[in-house]
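The following exercises ask the reader to work from individual residues to helix packing. Each task is followed by a solution in steps.

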Amino acid sequence: MMKKFEALKKDFLENLPPGKKELLSKVCYYSSCLCNFLFRHENYLDYFFDNLDKPLVGKDKLVEEAEKLLDLQNEKDFIQKLTEFKMKHFGRIVSKDIYRRNSLIDLMKEYSYLADATLEVAFKRAWDSSVKKFGVPLDENGNVSNASVIALGKLGGKELNYYSDIDVMYIYKEDGKTERGFTNREFYSYMFSKLTRLLTTRNTEGQTWIVDLDLRPNGKSGFIAYSLEALEVYYWTMGRTWERSMLIKARHSAGNKDVSDEFIKIITPFVYRKSITKEELKEIVEIKNLIQQDAEKYRKDEFDVKKGKGGIRSIEFTAQILQLLYGGKYPQLRERSTYKAIQELKTLGILKENEAQILSDAYLFYRNLEHTIQIENCQQTQIFKYSKAEEYAKKLGFKSGEQLIKTLNSYRNQVEKIFNSLSLEEAKELTPLQKYILTKHYEDEALNYISKIGFKDPKWALERIKEIFFSKEFIILSVDFKEALFDFIPELEKQLKTFPDREDFLLNLNKLLLDGKMLPIFASALVQNKKLVEFILNIAKLSDYITNLMAKDPKLLDFAFGVEDILITFDDFEKELSLIKGETLEERLNELKNVVYVLTTLKYLTKIEEKSREERVDLLNKILTNLADFILGKLYEKYTSKGLAVYGLGKLGSKEMNIGSDLDIVFVFDNTQNKEKYKDTPQKIVKSLTSYTKYGILYPIDLRLRPYGRSGELAPTLKYYGEYFQKEARPWEKMAWTKARFITGDKEVAKQMDRLIDDFLFSTPITKEFLHDVYEMRLKLEGLASERPDEIDIKLGYGGIVDLEFIAQLKILKEKEWQRSIKEVIKKYYPELLNHYLFLREIETLLRMVKGNSISKIKKNSPFLNRIAHVINTSPDTLWNKLIDTKKQVRKSFLREYSIKKN
C-alpha cells in the first residue's frame, strides 16, 4: 500500500521524519483501509504519531468531540464527517496497538467507547429531527418518554473488534403519544431508523458502522424499538436461554442512561437466577455445537478463530455458562467483559488458576489474531488461512508461522478441554413443567407429564399454568418472589395429582392469584407464611363460591385468614357494618354479607371435624338467618313506612337459611290508607335486595308465596289476607305458611297477621282430600327435578329434603303446634329420620358452598361429588350409595306418613 504514496505523494514521503515514516509504513502494512484513509487525509498521520504515547481519550472526551459535528446542517456532511471521526480514532487506536503502547483490553475498551460516542451523536441528531417532525414523545402523565441504545455482544462487553459490526438494541421508556398526537412507537420507529441510517450510510469515507439489530426481541421480524414494559413482558414470557446468555453483556451505550438503568434492572433477575438447570446448560452447549458445525464447513486449510472448535466462542461460552450458573449467588460475576469474567471466576475458585490463565491467554491471543486478520483488508472476517501463517506471525511477533500454528492448535485443544470438563453439579434438576416454564422448550414433555397427573385436557391445564407464570402480575414480582413461585411448581403438581377435581382447583387458583390480585400475597406467603399458602390452596380446592367472591373483593382474604371469630349476632353485624365504607347502604350490606358468607363457609369447611353434623348445620342456619333478618331490618329502616310488616317464608321463615338461599318474603299493610301512602316502600326494599352493586346482589327474591303468586299484589292488607286464607288459598299453601315468621316492621300488624295465619293453619281438620292434594303437589315438584339414574336432586327429587319438609309440615298441622323449624319437628316426632335430614341438608350445603348458588342436583361422576367426598373424608362411591339409600328410606317414611301405598 505504500506504493501509492511513493507514486503519487513522493514529496510527502520524503519530507516525513523517520518516526512518522515508520508509522505510516507499519499502518499500511497492517491495514489497507487505514492506509487509504491516510492517503486521503495526510494530516491524521501527525495525529496518530503524536498520540502514540498519550493517554487514551476515554468516553466523555470522545462524546464531547463528536458532538461538535451536530453543528453541521447538511446531513450528508454529517454522515461523512462522522465516518471520518470514527476512522481518525480507529487509526489512533490501531497505531497504539501496532507499537504495543497499551494493553489489548484497554484498546478494545477505547474502541467500544468510540462506538458509544458515534451512537450518542447520531442519537441526538435523530432525536432533534424526529421531534421537529412528530413532537416530543410523552408518557400518560405528560412526562417525556425518553429512550436509549443498549450495547450488546462485544460492544456491550467493551471488547469490540477492530472491524466488527455493533450489536445494539433500541429501547424507550413507555408508550404514549407525542405532543402532536403520534404514538411513541411511530416516533421511535422513525427516530431509530434514522439513527441507523446515519451510522450505516456509505459515503466517501466508507461507512461508520455496520449495525446489527438481530439480538432484539423477535430478531429481524421484531419492531425496531421496544418499550420497557414490552421488553419485560417479552423476556419473562418468551425469553429463551440464549437470550439470558446474550443479555449478560447488555449495558448503556447512548441516549438516556436512566432508561438503560431501568432496563438493566428489569433483565438482571431474568439473566441471573438463583440456579440454572441442566436443560439450560444443554441448550447452550447445543448452540455452541451448531456454531462449530457451521464453522467447520470451511476448508481444512482454514480455521474460524471466532466460531471454530476451541476458539473465541468456546471461551465465551465457558465464561457465560459459569456466569449463569453462579451469577445469581455471586453478583461480582455479573461482568460484561469476557476477559474480566474469567478473572472473577478464578478469584472465586470456580475456575482453577491454571484454567483461568489458559483461557485468558488464549482469549488475548485469539483477539489479536482476529484483529490482524480483519484490518488487513478491512473485512468483517475471522478466517485464519494457514497459508498466511508466516505473514500473521510476523505481525503478531512470532518467530515463524510454524510457531504461530503450534500456539493456535495448543490453545484450541486446551480451551476445548476446559469447556468439556466444566463441573456442572450445581445445575438443578427440574420437573417437566418447570423445564417448560423456564426454557419455553419441551412443551410435548410438559403436556405428557400433565396428562399423567390426571388432566383430561393437558393443553388447557398448561394454558392455565402459563397464565400464572407468564402474567404481568408475575413479571413485576421481586426476584425472591419469582423464585419462590417457581420452586413451588413441584408442590403444585403434587396437589393437582392428589386432588380429584383438579380442573376446578387449578381454575380457582388462577382466579384467586390473577383476578383477585393475590399473586404477590401468595408469593410472599411461600417465603414467610406457609399456613396462608395452605389456606389459599384450600379455598381453591373446596369452594368455587368463595373463590369467586374473593376474586371480586381481595379484601375478603384478610377477614377469612385474619379473623378467628365469626359474626353471628345483630350486634356483630352492626359493629362490622360500621367499619365498612361504601357509597350506599346496599353496597355496605352487600360487602357485609360477603364477609359473613366467606367466614362462615370457610369455618364450616375447615373445622368440619370439630362439631357434630347437627351443630354444624344449626350454626350455619343461625348465622345466615340472622344476617338476612338484619339486612331486611336495615332496609326497612331506610325507607319511611307505617303499618307495614315483612314476613319470611321458606328457609328464611324456618330459620334454616343456606348458602345460595333466596328470600321468600311477603309484605302486609294494616289498612288501605297506609298501603296507599307507603306503597313504594315494599318496591324499594325489593329493589335494594335485587339491584346489582360491585359486590353482587344481596339476595334473589321469591314472591310466589304471596296471594295469587306472581300475579298477586306485592303488599296486600290484613283484611285481604284474611279473605284469601278463608276463600282462595289452596291446600299446599298451608304447608308453605307453616314457616311464616315475622321479620321486621310494625309489630302490632305482626300480631294481627300471626292470628290470621294461625287460624288459616289450624281451624280446619286434615282430610283425605287435603292429603291427596298435597301428595299431588309433591309429585309435581319431584317432576320438576327430572332426576336420572346418574343424577339426583337432593332437595326436590325422590326421597329428598322436600319429602322430609312435607312430613314435618303435615305433623305441624295435625298437632296444631306452630313450630317453624323443620329440624325441630323431625327431632321431636321422627327421631329416626333426624340423621337422614341432617345428612341431606349437609350435602346440599356443601354442594352450595362449592358452587355458591341454590344448586341441589349432583351427578354420580361429577367433580362436585368428589370434592364433597374429600371434605367429609369418604369416597365418592360411598357418598353416592349413601345418598341413594337415604333417599329410599326417606321416601318410605313419606309414603307411610301420607298413608299412600307405593304402586
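**Exercise 1.** Is Lys 124 buried, partly exposed or exposed, and what is its relative accessibility? Determine also its salt-bridge partner.

*Solution.* The model is a predicted one.

Step 1. The relative accessibility of Lys 124 is 29%. Buried requires under 20% and exposed over 50%, so Lys 124 counts as partly exposed.

Step 2. Lys 124 forms a salt bridge with Glu 67, and the closest N and O atoms are 2.1 Å apart.

Step 3. Glu 67 belongs to helix H6 and Lys 124 to helix H8; the pair therefore ties together parts that are 57 residues apart in sequence.

Step 4. Glu 67, with a relative accessible area of 27%, is likewise partly exposed.

**Exercise 2.** Identify the salt-bridge partner of Asp 116 and state where each residue of the pair lies.

*Solution.* Step 1. The side chain of Asp 116 meets that of Lys 59 in a salt bridge, at 3.5 Å from N to O.

Step 2. Asp 116 is placed in helix H8 (residues 104–134) and Lys 59 in helix H6 (residues 59–67), so that distant parts of the chain, 57 residues apart, are linked.

Step 3. The relative accessible area of Asp 116 is 0%, so this residue is buried.

**Exercise 3.** How many salt bridges does the count come to? Describe the pair formed by Lys 828 and the network that includes Lys 823.

*Solution.* Step 1. The count comes to 53 salt bridges, with a side-chain nitrogen of Lys or Arg required within 4 Å of a carboxyl oxygen of Asp or Glu.

Step 2. Lys 828 and Glu 817 meet through their side chains in a salt bridge of 3.2 Å, N to O. Lys 828 is in helix H41 (residues 822–829), whereas Glu 817 is in the loop between helix H40 (801–815) and H41, eleven residues apart from it.

Step 3. Glu 817 has 27% relative accessibility and counts as partly exposed.

Step 4. A network of salt bridges links Glu 614, Asp 618, Lys 823, Glu 824 and Lys 827.

**Exercise 4.** Characterise the surroundings of Ser 856.

*Solution.* Step 1. Ser 856 is found in the loop between helix H42 (831–851) and strand S15 (857–859).

Step 2. Its relative accessible area is 8%, so Ser 856 is buried.

Step 3. The side chain of Ser 856 makes a polar contact of 2.8 Å with the side chain of Asp 793.

Step 4. Leaving aside residues up to four places away in sequence, Ser 856 touches Ile 792, Asp 793, Ile 794, Lys 795, Glu 844 and Leu 847.

**Exercise 5.** Locate Lys 96, then analyse how the helix that holds it packs against H10.

*Solution.* Step 1. Lys 96 lies in helix H7 (residues 75–98). With a relative accessible area of 1%, Lys 96 is buried.

Step 2. Beyond four places away in sequence, the residues that Lys 96 touches include Asn 51, Asp 53, Arg 101 and Leu 107.

Step 3. Two packed helices are described by the angle and the distance between their axes. The axes of H7 and helix H10 (residues 184–200) come within 8 Å and cross at roughly 60°. H7 and H10 are therefore oblique to each other.

Step 4. H7 contributes Glu 75, Phe 78, Ile 79 and Leu 82 to the contact, and H10 contributes Lys 194, Arg 197, Leu 198 and Leu 199.

Step 5. Sorted by class, the contact of H7 with H10 has five nonpolar, three charged and no polar residues.

How values were computed. Residues numbered from 1 in each chain as written. Predicted model: local features only at pLDDT ≥ 70, side-chain atom pairs only at ≥ 80, totals over all residues. Heavy atoms only, no water. Helix = DSSP H or I, 4+ residues; strand = E, 2+ residues; numbered from the N terminus. Buried < 20%, exposed > 50% of the residue type's maximum accessible area, 1.4 Å probe, protein only. Polar contact = N/O pair within 3.5 Å; in protein donor to acceptor, adjacent residues only side chain to side chain. Contact = heavy atoms within 4.5 Å. Axes fitted to C-alpha atoms, helices over the stretch in contact; angles between N-to-C directions. Parallel < 35°, antiparallel > 145°, perpendicular 65-115°, else oblique. Nonpolar A, V, L, I, M, F, W, Y, C, P; charged D, E, K, R; others polar.
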